[in-house]
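User: Please take a close look at the sheet in this model and at what packs against it. I would like one connected account, with the cut-offs behind each term.

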Amino acid sequence: MSRLSLFSSTLLLGALMLGISGCGASEPGTQSVSTAPAAGQPANPRVLIETSKGNITVEVFPAQAPQSAGNFLNYVKTGFYDGLVFHRVIPGFMVQTGGMTADMVEKPKNAPIQNEADNGLKNLRGTLAMARTGEPHSASSQFFINVKDNAFLNHRGKSFEGWGYAVFGQVVDGMDVVDAIVAVPRGNRGPHGDVPIEPIVMKRVTLLPEAAKP
């Protein structure tokens, strides 16, 4: 079974759990861990994701998630994400991207990284987290944006089942674009489910210069 199908199955199970629980979502919860840079340290990096639905700006947390943030920024700087699509979207749950072309072919990626879900950051609405298989330390290029507080994805312990999904960033502008993406019509493409009928492309993903940050 492919990495995508394993992760998709995990997310689908979570979506069903959320549906059964009937939890509502509007404003995100509050992180118990500060994501502000320490005194004297540079501002957190910000990345602009230009999509066919509009622009999304995200802030990355290298102090709290050094491997995940560094891995993501390396893919950004090399242009890896340019032209890839949001290949799985589930209303009330998340949008996933970072690995698939518009014809649903997975792009060759770098080696996997260690899971940093034990960093104290929660999978709240608007956060970015690393996608992975059922194996905890298998994340590579794919990531997702939570459109709801998804507590069941948080770290619960260093067991196979409890590792959770590592949060490494936050949408700071363009959450309306994320909401528009998750609301599009979707269907099946071969073995892949919840695929947008009309491809939603990340046209360009770039690191913003320091001067462009507020």
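Analyst: The sheet is open and is built from eight strands in the order β3-β4-β6-β5-β7-β2-β1-β10, with antiparallel pairing; two strands are said to pair if DSSP finds at least two bridges between them, and both helices (H or I, at least four residues) and strands (E, at least two) are DSSP runs numbered from the N terminus. Because β3 and β10 (202-207) stand at the edges with a single partner strand each, one side of each is left without a neighbour in the sheet. From one strand to the next, the twist averages 25°, where axes are lines fitted to C-alpha atoms, for helices over the stretch in contact, and angles run from 0 to 180 degrees between N-to-C directions.

This is a predicted model, in which local features need pLDDT of at least 70 and side-chain atom pairs count only at pLDDT 80 or more, whereas totals for chains, interfaces and linings use all residues. Residues are numbered from 1 along each chain as its sequence is written, and side-chain values use heavy atoms, with hydrogens and water left out.

At the β3 edge, β3 and β4 pair in the antiparallel sense over four bridges, and arginine 88 has glutamine 96 of β4 as its bridge partner.

Two helices lie against the sheet. Helix α2 (residues 66-77) lies across β1, β2, β5 (127-130), β6, β7 and β10, running at about 120° to β10, while α3 touches β1, β2, β3, β4, β6 and β7 and makes about 115° with the direction of β2; contact here means heavy atoms within 4.5 Å. In α3 (residues 175-182), the buried residues are Met175, Val177, Val178, Ile181 and Val182, buried being under 20% relative accessible area, exposed over 50% and partly exposed in between, with a 1.4 Å probe and protein chains only. These residues are on the same side of α3 because they cover an arc of only 150° around the axis, the arc being that of the directions from the helix axis to the C-beta atoms.

From the strand side, isoleucine 56 of β2 (54-60) is in contact with residues that include Val177, Val178 and Ile181, neighbours within four places in sequence being left aside. Ile56 is also, with Val47, Phe72 and Tyr81, among the residues that touch the most other members of the largest nonpolar core, which has 35 residues; such a core is a set of buried Ala, Val, Leu, Ile, Met, Phe, Trp, Tyr and Cys residues joined through side-chain atoms within 4.5 Å. Apart from it lies another core, of 11 residues, including Ile90, Ala129, Phe144 and Leu153.
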